[in-house]
Amino acid sequence: MVTFRQIDELLNYRRTDFPVASFYLNTDLRNLTLEQIRTVTKDLIKLRREEIEKSALSHAQKEALKSDFEKILNFVEALTVEGNQRGLAIFSAQGGQFWQVFKLPQKVKNALIIDPDPYVRPLLAILNQYHRFCFAIVDRKKAQIFEYYLGELQDISELMSADVPSKVRLAGWYGLEEKRVMRHIDYHAHQHFKRVAQLLFNLHAARQFDYFILGGQAEYLPEFEQHLHSYILNRVVKRVDTTPHAWEVNKIKQVVQETEEELNRKKLNELIEQLMTDAAKNNRAVLGLEKVLQAANTGAIRLLLIEEDTVLPGRECFSCGFLTLSEETCPICGAKTEEMDDLFDEIVENTVNFNGDFFQVPSGSKLKEHQGIGAFLRFNI
Ligand SMILES: [Zn+2]
């Protein structure tokens with residue numbers, strides 16, 4: 001599970017005398033084998049090792065990088081890829097003393113970059129598309145709390161079941177009447193709700209959830225909600241009828257996944273509608289591969305939308321990075337352009353390098369009529 005703290009640590013990385021190795025790897029097993037993934041890793045590392053040998057880095061820096069590479073290689077050798085993992089990002093420095101691994105639900109372009117700072121843009125472009133969910137299930141006595149992020153679900157119920165008496169003996173030492181017993185139980189439930197609400201608030205402060213899903217029965221859920229801070233209430237996107245421990249983990253995961261898909265679909269549909277309207281008015285928006293390539297070449301892309309599984313054939317100038325649909329000679333530097341099966345990685349890389357964002361759109365959207373690609377721009381081209 002990628003934690004908020006992990007992302008925070010990476011973004012606030014303090015430069016040292018040692019460079020950082022930032023490693024991105026496509027691990028989409030729908031199109032690749034583990035063997036191919038390992039070969040790509042070995043090749044990339046071999047290439048960089050040769051480069052750093054010849055570089056002006058100090059002996060200590062070179063040795064540290066070699067240890068970084070070794071640690072990355074060992075990690076990939078032992079790698080297992082789970083269902084929804086399509087990409088991997090690793091940051092290693094000081095011979096692996098600084099070490100962070102991100103398993104990602106989208107493919108990334110293979111790269112091994114050596115720089116004083118971690119190269120985080122491709123990672124951020126992916127993380128921007130996903131939301132951190134908290135799913136809290138309560139009843140009068142118990143609570144179960146889950147965190148969901150990047151397709152992974154984790155049980156984070158650090159809460160022991162509150163001490164609510166289920167059967168209160170009527171002949172206790174203080175000899176309560178039944179009515180007062182009831183009040184006693186309500187008091188405990190009230191304290192329990194208060195405690196869970198406080199726990200959720202503390203968790204939210206540490207983990208920065210984007211959305212909350214609440215599970216509970218209609219007879220007491222509103223009562224529980226009265227204890228929730230408005231920060232949390234404002235982020236509640238769904239309420240479901242269930243009780244703690246009633247559902248299998250897979251069922252809980254499915255509910256969050258469906259909620260996430262619903263939210264994304266709604267947001268993406270709005271974005272695509274907006275894109276169509278803006279592109280029709282030629283108002284800082286383009287549709288189709290040819291125009292997106294023009295925009296990518298000028299660093300104009302603010303937000304790129306690409307349908308999943310879209311293949312974008314074209315040509316690239318390897319000397320200056322110019323992208324084109326069909327020009328065989330680069331109009332910028334005059335070099336010969338090379339034919340490419342798919343420019344997906346190049347377009348995304350270009351967008352991200354100019355601080356643009358990108359979203360992957362599920363297939364079957366209105367983008368399909370435009371080769372599955374479109375972009376909002378910073379300025380008209
Ligand atoms: Zn060129």
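The questions and answers below concern strands, helices and buried residues in a predicted model.

Q: In the open sheet of order 13-12-14, which strands stand at the edges?
A: Three strands form this open sheet, and their pairing is antiparallel. Strand 12 (residues 314-316) is joined to strand 13 by two bridges. One side of each edge strand is left without a neighbour in the sheet, because each has a single partner strand; the edge strands are strand 13 (323-324) and strand 14 (338-340).

Q: Which residue of strand 13 does glutamate 316 stand opposite?
A: Strand 12 covers residues 314-316 and runs antiparallel to strand 13. The residue of strand 13 opposite glutamate 316 is leucine 323.

Q: Is isoleucine 114 buried or exposed?
A: Isoleucine 114 has its place in strand 4 (residues 111-115). Not counting residues up to four places away in sequence, isoleucine 114 touches Pro19, Ala21, Arg48, Ile52 and Leu65. A residue counts as buried if 20 or more other C-beta atoms lie within 10 Å of its own. Isoleucine 114 has 20 such atoms, so this residue is buried.

Q: How is helix 2 oriented relative to helix 3, roughly parallel or roughly antiparallel?
A: Helix 2 (residues 34-54) and helix 3 (residues 59-77) pack with their axes 10 Å apart, at an angle of about 175°. Angles over 145 degrees count as roughly antiparallel. Helix 2 is therefore, relative to helix 3, roughly antiparallel.

Q: How many charged residues are in the contact of helix 2 with helix 3?
A: Helix 2 contributes residues including Arg38, Lys42, Arg48 and Arg49, while those from helix 3 include Lys62, Lys66 and Glu77. By class, the contact has eight nonpolar residues, one polar residue and, as charged residues, seven.

Q: In strand 16, which residue is the bridge partner of valine 286?
A: Strand 10 and strand 16 belong to an open sheet of four strands in the order 10-16-11-15, with mixed pairing. Strand 10 pairs with strand 16 (residues 373-377) in the antiparallel sense over three bridges. The partner of valine 286 in strand 16 is alanine 375.

Q: Which residues does valine 292 touch, not counting residues up to four places away in sequence?
A: The largest nonpolar core has 82 residues, and Val292 and Ala375 are among those with the most contacts inside it. With sequence neighbours up to four places away left out, valine 292 touches Val286, Ile347, Ile373, Gly374 and Ala375.

Notes. Residues are numbered from 1 along each chain as its sequence is written. This is a predicted model: local features need pLDDT of at least 70, side-chain atom pairs count only at pLDDT 80 or more; totals for chains, interfaces and linings use all residues. Two strands pair if DSSP finds at least two bridges between them. A nonpolar core is a set of buried Ala, Val, Leu, Ile, Met, Phe, Trp, Tyr and Cys residues joined through C-beta atoms within 7 Å. A residue is buried if 20 or more other C-beta atoms lie within 10 Å of its own, exposed if 12 or fewer, and partly exposed in between; C-beta atoms are placed from the backbone. Two residues are in contact if their C-beta atoms, placed from the backbone, lie within 7 Å. Axes are lines fitted to C-alpha atoms, for helices over the stretch in contact, and angles run from 0 to 180 degrees between N-to-C directions. Angles under 35 degrees count as roughly parallel, over 145 as roughly antiparallel, 65 to 115 as roughly perpendicular and the rest as oblique. Ala, Val, Leu, Ile, Met, Phe, Trp, Tyr, Cys and Pro count as nonpolar, Asp, Glu, Lys and Arg as charged, and the others, Gly among them, as polar.
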